Amino acid sequence: IMAASITILTDLQAFTPVYNRMELSVRLDPATLLLTGVKYVFDVYIENVTSPTYYRFQVPPDPDFSLGNVDISRYCEGACNSTLSAYNSVVPFSLGSNANGTQSIIKVTVKYGYSYMSTPTTRTVVPDITVGSAKYAFQGALTRFQFQGWAYNTYICNVTNGANGQFLTDMKTNYVSLTNLGWHHILSDTPTDIDYLVVKTYDSAGALIQTATKAISVAQNLTSSRMYKVATGPESLNNMTGAFVSGAQPIIDSSVATYTVQLTNSASTVASETLTFIMQEPCRYTQRRIHFQNRFGSFDAFNFNLRSQKEETIERKGYKYEKYPLTNAGISRLYQDQAQVTNYTKIQEFLTVRSDYLTTEQNEWLKQFMNSTEMYLEFTDPSGAQNFIAYEKPEGNSWLEQETDIDKLFMMEAKLKLSQTSEGQRR
């Protein structure tokens, strides 16, 4: 057999959303394509996945151009998971990983080869003819049209992109209150460029109160370093402990009207865009802050400030029972005797939340909330800490486009289902 060659025609982008197509297309040299029963071999290696060490796709040449084509997304998505930051985090940056080792970003390497029938009953595999460069797949799920125009470099934070490197969110101006938790994810091809979190606070007159700068304290050389979680919510910023490069705690207090968040390297060279936060305390009703996974696999949060309502549905099971009336003293029938006994109850809680009047931009962004498969209600737990409780997606299957120029005033109402159920006593 002469030395074969494989040319990569369609490769993955350096950073690609794992829930979209991860398509590869390659071409074997003409002589190798003439081998009996030839197939293309794609060996997909995912860092830290050792069982199996790799997953092998074997596909025949397509009938039109004799190319080898495969979509590896379904395999890769199994190794990728969401990473909501810990509610009690005290650091400015967290890795894109969970305590159980799962990550929101994975490193993928593909090695290309071929196989053929060396005898009528034996298939011989010739692997690793060409080895692709390492790529990164993250917990994103774009629409077909968004993915068609996906340009990963727009969302890469480093000193080369500077202030053009975007956070993984479509909402760049957020309304928050003093006790709100919050984080935003970023992507970076050069994690060593991400050294400082810089928070600038302003009073109601627009005067600068302070510039608080906090240095990174987690690893910068891991795959999970390429998708940092960055503290951005008032409570998350105020929870940070340890020394500051500049400024001091509390970062956000009642004197702050607005603040901005930006990332730099250790020389204070800008490495990200600026996110803006406007302080807005709830006036009358209990605030319901929902954290939801957005299209990038990051977590956005929104405050529903109008009246919310809880609702419970109760499932009951029981049996009929006729008490035996005879006792040592004779026949006994009591008022509290039961003929129908409820021996099982299950309680399902719902929460209806309502927003203030929305802008066109907010309504468009909240479509991701309606589509989200993972969301959490922020609440004060029995210890007094701000914490999370899981809810399922909003009930209903529709979202309506609305514009302030045409529709004038509009709000959003959503009915959420608590992810857990409660059970009563059994009899």
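This passage walks through two sheets, the cysteines and one loop residue of a predicted model.

Start with the seven-stranded sheet. Its 7 strands form an open sheet, and reading across gives the order β19-β18-β24-β25-β26-β23-β20, with antiparallel pairing. The edges are taken by β19, covering 299-304, and β20, covering 309-320, and each of these pairs on one side only. On average, neighbouring strands in this sheet are turned by 35° against each other, with direction ignored.

Zooming in on the β20 edge, the partner there is β23, made up of residues 340-354. The two strands run antiparallel and are joined by 12 bridges. One position to look up on screen is Glu311, which stands opposite Phe350 in β23.

The other sheet has 3 strands and is also open, with the order β7-β15-β12 and, again, antiparallel pairing. Here β7 (93-94) and β12 (183-185) are the edge strands, each pairing on one side only. Between β12 and β15 (residues 229-231) there are 3 bridges, and the two strands run antiparallel. Within this pairing, Trp183 has Ala231 in β15 as its bridge partner.

Now for the cysteines. A disulfide is a covalent bond between the sulfur atoms of two cysteines. Searching the whole structure turns up 0 disulfides. Take Cys80: the nearest cysteine sulfur belongs to Cys76 and sits 8.8 Å away, and Cys80 is in no disulfide. With the cut-off for a disulfide at 2.5 Å, that pair of sulfurs does not qualify, because 8.8 Å is not within 2.5 Å. As for exposure, Cys80 has a relative accessible area of 5%, so this residue is buried. Cys283 is a different story: its relative accessible area is 83%, so Cys283 counts as exposed.

Finally, a loop residue. Thr223 lies in the loop between β14 (208-215) and β15, the latter being the strand that pairs with β12 in the three-stranded sheet. Is Thr223 buried or exposed? Its relative accessibility is 7%, and because buried means under 20%, Thr223 counts as buried. Which residues does Thr223 touch, leaving aside those up to four places away in sequence? The contacts are Glu47, Gln103, Ile105, Ile106, Lys107 and Tyr136. So a residue that lies in a loop is nonetheless buried, at 7% relative accessibility.

Technical notes: Residues are numbered from 1 along each chain as its sequence is written. This is a predicted model: local features need pLDDT of at least 70, side-chain atom pairs count only at pLDDT 80 or more; totals for chains, interfaces and linings use all residues. Side-chain values use heavy atoms; hydrogens and water are left out. Two strands pair if DSSP finds at least two bridges between them. Helices (H or I, at least four residues) and strands (E, at least two) are DSSP runs, numbered from the N terminus. Axes are lines fitted to C-alpha atoms, for helices over the stretch in contact, and angles run from 0 to 180 degrees between N-to-C directions. Buried means under 20% relative accessible area, exposed over 50%, partly exposed in between (1.4 Å probe, protein chains only). Contact means heavy atoms within 4.5 Å.
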